Amino acid sequence: MDLKNSQLEVDNWIKNHGVRYFNELTNMAQLTEEVGEVARIIARRYGEQSEKESDKNKDLGEELADVVFVVLCLANQTGVDLQTAFDKKMDLKTKRDHDRHHNNEKLK
């Protein structure tokens with residue numbers, strides 16, 4: 001995923017279809033709501049809870065995309081270059097976690 005272009009796409013969407021960004025606290029609440037929807041699907045579809053009939057048609061991909069959309073909004077409105085932050089995080093995780101995960105007995 002090209003995060004830089006995704007941030008631009010979301011910004012253009014907000015400018016052309018939305019009125020403005022919701023404030024950061026509202027978007028944080030929205031993100032929490034969207035993550036909750038993902039959690040509900042995962043818990044019921046892949047976990048031990050039974051899935052309600054009304055939840056069986058929920059699209060996990062769509063809900064994950066909602067999470068990504070709100071994260072991109074938050075990055076835009078707070079001035080975060082998410083591509084740079086993501087690349088930095090991947091580099092850090094690669095250096096820090098490569099041997100750790102390969103040597104973790106629980107993962108074998």
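Which two side chains are joined by a polar contact of 2.6 Å? They belong to D11 and Y21, and the first view below is built around them. Keep in mind throughout that this is a predicted model.

**Figure 1. D11 in helix α1 and its partners.** Here we look at D11, which is found in helix α1. The side chains of D11 and Y21 are joined by a polar contact of 2.6 Å. Once neighbours within four places in sequence are set aside, D11 is in contact with Y21 and also with N76. Is D11 buried or exposed? With a relative accessibility of 18%, D11 counts as buried, because the cut-off for buried is under 20%.

**Figure 2. The span annotated in UniProt.** This view frames residues 23-99, which an unreviewed UniProt entry annotates as "domain: NTP pyrophosphohydrolase MazG-like". How much of the span is helix, and how much strand? Helix makes up 77% of residues 23-99 and strand 0%. From end to end, the C-alpha atoms of the span lie 41 Å apart.

**Figure 3. Helix α2, from its start to its buried residues.** Helix α2 covers residues 24-45. Its 22 residues should span 32 Å at 1.5 Å a residue, and the end C-alpha atoms are 31 Å apart, so the two values agree. At the start of α2, look for N23: one of its side-chain oxygens comes to within 3.1 Å of the backbone nitrogen of L25. The buried residues of the helix are N27, L31, E34, V38, I41 and R44. As background for reading that list, an α-helix has 3.6 residues a turn, so residues three or four places apart point the same way. What do the buried residues of α2 pack against? Their packing partner is α3.

**Figure 4. A closer look at L31.** Zooming in on α2 brings us to L31, which sits in that helix. L31 has a relative accessibility of 13% and therefore counts as buried. Which residues does L31 touch, leaving out those up to four places away in sequence? The list is V67, V70, V71 and L74. For a sense of scale, L31 and K52 are 21 residues apart along the chain, and their C-alpha atoms are separated by 23 Å.

**Figure 5. D55 among arginines.** Now we move to the loop between α2 and α3, where D55 has its place. Not counting residues up to four places away in sequence, D55 touches R40, R44 and R45. How buried is D55? Its relative accessible area is 6%, so D55 is buried. One of its contacts, R44, also appears among the buried residues of α2.

**Figure 6. An aromatic pair between α1 and α3.** The count of aromatic pairs comes to 1. W13 and F69 form it, edge-to-face, with 5.7 Å from centre to centre and 90° between the planes. The pair links distant parts of the chain: W13 is in helix α1 and F69 in helix α3, 56 residues apart. W13 has a relative accessibility of 42% and so counts as partly exposed. F69 is partly exposed too, since its relative accessible area is 31%.

**Figure 7. Helix α4 and its bend.** Helix α4 takes in residues 82-102, 21 residues in total. From first C-alpha to last, α4 reaches 28 Å, close to the 30 Å expected at 1.5 Å a residue. Where does α4 bend by about 40°? The bend is at R96. At the start of the helix, a side-chain oxygen of D81 gets to within 3.1 Å of the backbone nitrogen of Q83. L82, Q83 and D97 are the buried residues of α4, and they pack against α1 and α3.

**Figure 8. L82 at the start of its helix.** The last view picks out L82, in helix α4. At 18% relative accessibility, L82 counts as buried. Which residues does L82 touch, if those up to four places away in sequence are not counted? They are L3, Q7, V71, L72 and A75. V71 may look familiar, as L31 touches V71 as well. L82 and D2 are 80 residues apart in sequence, with 9.6 Å between their C-alpha atoms.

Terms used: Residues are numbered from 1 along each chain as its sequence is written. This is a predicted model: local features need pLDDT of at least 70, side-chain atom pairs count only at pLDDT 80 or more; totals for chains, interfaces and linings use all residues. Side-chain values use heavy atoms; hydrogens and water are left out. UniProt positions are given in the numbering used here, feature names are shortened, and annotations may be inferred rather than shown by experiment. Helices (H or I, at least four residues) and strands (E, at least two) are DSSP runs, numbered from the N terminus. Buried means under 20% relative accessible area, exposed over 50%, partly exposed in between (1.4 Å probe, protein chains only). Contact means heavy atoms within 4.5 Å. The expected span of a helix is 1.5 Å times one less than its number of residues. The bend at a residue is the angle between axes fitted to the seven residues ending there and the seven starting there. A polar contact is a pair of N or O atoms within 3.5 Å; within protein, one must be able to donate a hydrogen and the other to accept it, and residues adjacent in sequence count only if both atoms are side-chain atoms. Rings of Phe, Tyr and Trp (its six-membered ring) pair if their centres lie within 6.5 Å; planes under 30 degrees apart count as stacked, over 60 as edge-to-face and the rest as tilted.
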